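Here are some notes to read alongside the model. Take the points one at a time, and find each residue on screen as you go.

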Amino acid sequence: MQVYVRLFATLRRFVPEAKIGVTLSLELPEGARVRDVMAHYRLPEDEVKLAYVNGIYQEPDFVLHDQDEIGLFPPVGGG
Amino acid sequence: MWILRINMTDRTSKWEAVPERFRTLYGRALTSKIVAEEVPPLCHALGPNNKLVFSAGIVTSTPAPTSARISVGCKSPLTGGIKEANAGTSWGPDLASMRIRALIVEGLPQDTDKFWGTFIHWDKDAQKPVVEFFDASEYTGKDVYESYPMIYQRFEGRISIASIGNAGEYGYGNSGIVFNDQAKRPSRYAGRGGVGAVMASKRLKFIVLNEKGSPGVEIVDKALFDEGRKKMIDAIRTHPISKPKGGLNTYGTAVLVNILNEAGGLPTRNFSAGRFDGAPKTAGEAIFETNKERTGKEVYNHACSPGCIIQCSNTLFNPDKSERASCIEYESTWALGANLGVDDLDDIATMVHLCNAYGLDTIETGVTLGVAMEGGVIPFGDSKGAIQLIHEMGKGTPTGKMLGGGAEVAGKLLGVRRVPTVKGQAMPAYEPRAVKGIGITYATTTMGADHTAGYTICPEILGVSGKQDPLSPEGKAALSRAFQATTAFIDSSGHCLFIAFPILDIASGFEGFIQECNGVLGTNWSADDVVAYGAEVLKVERAFNEAAGIKAEADRLPEFMHLEPLPPHNQVFDVPDEALDSVFKEM
């Protein structure tokens with residue numbers, strides 16, 4: 001299946017092609033989870049604070065589906 | 001310590017002892033208490049009976065980290081209710097260091113042709129501050145980037161300046177009070193609710209401070225204070241959001257653009273959608289990358305005020321390495337970006353700079369322009385047209401003066417139904433239909449729509465202090481109530497609200513925060529006590545609003561948010577009225 005991934009803030013330094021506003025395409029086996037996306041890009045688990053899948057917050061063991069859009073964030077805050 | 005009264009009717013000043021009932025009241029707690037006691041709730045906000053009150057926080061001017069906040073209180077010309085707006089600046093610590101617990105500006109002169117300034121400095125011989133007045137008429141009509149350098153030139157030594165821009169002079173509901181940052185920029189705003197117009201109504205243009213020789217703040221239990229301070233510093237320096245080269249120091253508050261966009265809660269084109277395609281171009285990451293490209297180095301952010309160790313204030317540089325704007329906050333890049341359908345970072349920076357120069361609140365300005373775009377004045381996405389309209393506001397053209405009244409006034413003038421305000425104040429950068437708890441805060445806070453009043457975004461979006469589903473209304477009234485009460489205490493402590501990120505996650509940080517306050521005051525407060533203190537502040541503010549005619553019926557979001565589902569989640573604001581009412585009923 002194919003999913004779409006966006007990396008933000010400090011996570012971009014682990015993936016040189018993750019430029020601002022760029023959505024990465026990723027082929028994953030059926031049944032893959034959010035955690036597998038993090039592993040694919042070699043993102044340290046303790047650096048990833050938040051995963052939004054199709055606009056909804058999900059835990060790392062959330063099972064993905066074809067065409068899902070995933071946004072990964074380190075801890076961020078402001079206001 | 002003193003209460004200093006400046007009467008602008010006859011330009012006299014009066015020193016009073018701090019009454020016993022104010023013993024532990026500082027910052028927001030004190031400005032709101034004085035406004036509640038002394039301002040008739042039904043008075044005109046720009047009339048002789050309104051008062052403008054300044055007070056620094058409990059730990060302001062001590063070595064407590066990130067604590068240089070100054071609260072400004074009055075009856076708001078924008079909402080008609082009570083107002084407290086605060087800013088980070090050396091002005092707060094300088095006032096506190098001279099042991100002025102509260103500065104109350106009252107009355108107004110018969111002769112409205114002139115503007116005045118006041119200079120407050122420490123008299124070594126008398127061991128007391130002295131107050132002088134000066135004719136400031138020559139500085140009126142100028143923007144604050146013109147007038148500030150003149151004031152720095154006029155007074156010797158290290159001074160701090162509070163002032164108003166053109167927006168205040170015109171009496172706009174959208175006008176702030178500006179304070180200096182660490183680089184003498186007139187850029188730190190107590191921005192919301194029209195406090196600038198209240199200062200201008202009293203024909204007061206500048207309050208200049210020089211604390212040289214002053215004794216500083218007394219600390220009753222130094223050992224306890226130091227223990228608390230160390231815990232606070234450790235918490236701030238270890239939490240990934242607030243630590244050096246962490247999220248805030250690297251990307252500024254604008255780091256939030258992308259996460260709100262992903263979560264479908266970034267208000268877009270006057271609150272008609274929750275996502276904006278151009279959002280990444282307007283975010284903190286884009287500011288950082290643009291600076292790197294233009295300056296050839298990584299630029300980390302700076303402190304807005306003395307003693308801040310978070311240092312989240314950014315600057316956007318031009319290709320020639322000159323400054324284009326400082327600071328571009330999340331709220332500002334959203335209000336003048338996604339909210340207008342604009343993704344040109346340079347144009348957004350120009351708008352931020354113009355708002356600062358003219359004395360406008362960036363949130364109220366952006367939301368007003370969004371309503372104006374909805375009303376057909378200019379199309380969405382027209383950043384050059386938006387820049388022109390801000391100039392009109394600053395120059396006081398007829399169109400500009402009408403827009404200066406704020407978003408709600410603009411909606412009425414233009415026949416627009418989608419007007420995102422509560423109690424007359426424009427909503428900030430979080431969509432209530434996609435983040436229900438913040439909608440409850442917008443609806444119920446005494447301030448009019450205000451995110452800082454009860455920042456439920458922490459658990460709803462950021463995973464700070466746990467993680468809650470932003471789309472669910474369940475339990476959110478209690479969440480908003482708890483955040484509102486805690487915030488009212490933080491606003492009274494003098495700390496920047498951003499200490500909430502580390503202390504909500506790190507228990508020893510929260511403990512240290514309370515120890516600092518106990519150390520300064522000699523109190524023995526527990527965590528429950530400080531929440532009760534905050535709740536009492538809210539009750540005082542609430543009572544003022546009720547007496548001003550702003551009752552529970554005003555604690556509602558605009559109708560369109562109940563009727564129009566917001567993409568991408570296609571949700572309406574479905575928090576029942578009973579839940580909104582329970583925020584204060586059960587406080």
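1. A word on labels before we start: helices and strands here are DSSP runs, a helix having at least four residues and a strand at least two, and they are numbered from the N terminus. Please also keep in mind that this is a predicted model. With those labels, we can place B:Thr66 in the loop between E3 and E4 of chain B. The phi angle of B:Thr66 is near 50°, a positive value in a residue other than glycine. Why stop at such a value? Because most residues other than glycine have a negative phi.

2. Now for the sheet that those strands belong to. In chain B, six strands make an open sheet, and reading across it gives the order E2-E1-E6-E3-E4-E5. The pairing in this sheet is mixed. Which strands are at its edges? They are strand E2 (12-17) and strand E5 (82-88) of chain B, each of which pairs on one side only. From one strand to the next, the twist averages 20°.

3. Let us look closely at one pair in that sheet. Strand E4 (residues 69-75) of chain B and E5(B) run antiparallel and are joined by seven bridges. To see this pairing on screen, find B:Ser71, which stands opposite B:Asn86 in E5(B).

4. A helix belongs in this picture too. Helix H1 (residues 27-38) of chain B lies across strand E1 (2-7), strand E3 (52-56), E4, E5 and strand E6 (100-106) of chain B. The helix runs at about 155° to E3(B). One residue to pick out is B:Glu37, which forms a salt bridge with B:Arg21; their closest N and O atoms are 2.7 Å apart. B:Glu37 lies in helix H1 of chain B and B:Arg21 in the loop between E2 and H1 of chain B, so this salt bridge ties together parts that are 16 residues apart in sequence. Over all chains, the count comes to 47 salt bridges.

5. Further along chain B there is an open sheet of six strands with the order E8-E7-E12-E9-E10-E11, and its pairing is mixed. Strand E8 (128-135) and strand E11 (186-190) of chain B stand at the edges with a single partner strand each, so one side of each has no neighbour in the sheet. On average, neighbouring strands here are turned by 25° against each other, direction ignored.

6. Inside this sheet, how many bridges join strand E9 (residues 160-164) to strand E12 (residues 204-210) of chain B? There are four, and the two strands run antiparallel. B:Ser163 stands opposite B:Phe206 in E12(B). Helix H3 (residues 144-154) of chain B packs on the sheet, touching E8, E9, strand E10 (177-180), E11 and E12 of chain B. The direction of H3 makes about 145° with that of E9(B).

7. Turn next to chain A, where strand E1 is a good place to begin. Strand E1 (residues 2-7) of chain A is joined to strand E2 (residues 24-27) of chain A by four bridges, and these strands run antiparallel. Here A:Val3 has A:Leu26 in E2(A) as its bridge partner. Four bridges also join E1(A) to E5(A), but this pair runs parallel. In that pair, A:Tyr4 stands opposite A:Glu69 in E5(A).

8. How do the two chains meet? In all, 22 residues of chain A are in contact with 29 residues of chain B. The chains bury about 2200 Å² between them, 65% of it on carbon and sulfur atoms. On the chain A side, A:Tyr52, A:Val76 and A:Gly79 lose the most area to chain B, together 26% of what that side buries.

9. The same interface has polar links. Two salt bridges are found across it. A:Arg12 forms a salt bridge with B:Glu289, with the closest N and O atoms 3.2 Å apart. Eight residue pairs are in polar contact across the interface. E5(A) gives the most to the side of chain A that touches chain B, with three residues. By class, that side has 11 nonpolar, eight polar and three charged residues.

10. Finally, check two peptide bonds in chain B. Most peptide bonds are trans. The bond joining B:Ser326 and B:Cys327, however, is cis, with omega about 10°. B:Cys327 sits in the loop between strand E14 (323-325) and helix H10 (330-335) of chain B. The bond from B:Pro567 to B:Pro568 is cis as well, with omega near 5°. B:Pro568 is in the loop between helix H22 (560-563) and helix H23 (577-585) of chain B.

How values were computed: Residues are numbered from 1 along each chain as its sequence is written. Chains are lettered from A and ligands numbered from 1 in the order in which they are written. This is a predicted model: local features need pLDDT of at least 70, side-chain atom pairs count only at pLDDT 80 or more; totals for chains, interfaces and linings use all residues. Side-chain values use heavy atoms; hydrogens and water are left out. Two strands pair if DSSP finds at least two bridges between them. Axes are lines fitted to C-alpha atoms, for helices over the stretch in contact, and angles run from 0 to 180 degrees between N-to-C directions. Contact means heavy atoms within 4.5 Å. Buried area is the accessible area (1.4 Å probe) that two parts lose on being put together, summed over both. A salt bridge is a side-chain nitrogen of Lys or Arg within 4 Å of a carboxyl oxygen of Asp or Glu. A polar contact is a pair of N or O atoms within 3.5 Å; within protein, one must be able to donate a hydrogen and the other to accept it, and residues adjacent in sequence count only if both atoms are side-chain atoms. Ala, Val, Leu, Ile, Met, Phe, Trp, Tyr, Cys and Pro count as nonpolar, Asp, Glu, Lys and Arg as charged, and the others, Gly among them, as polar.
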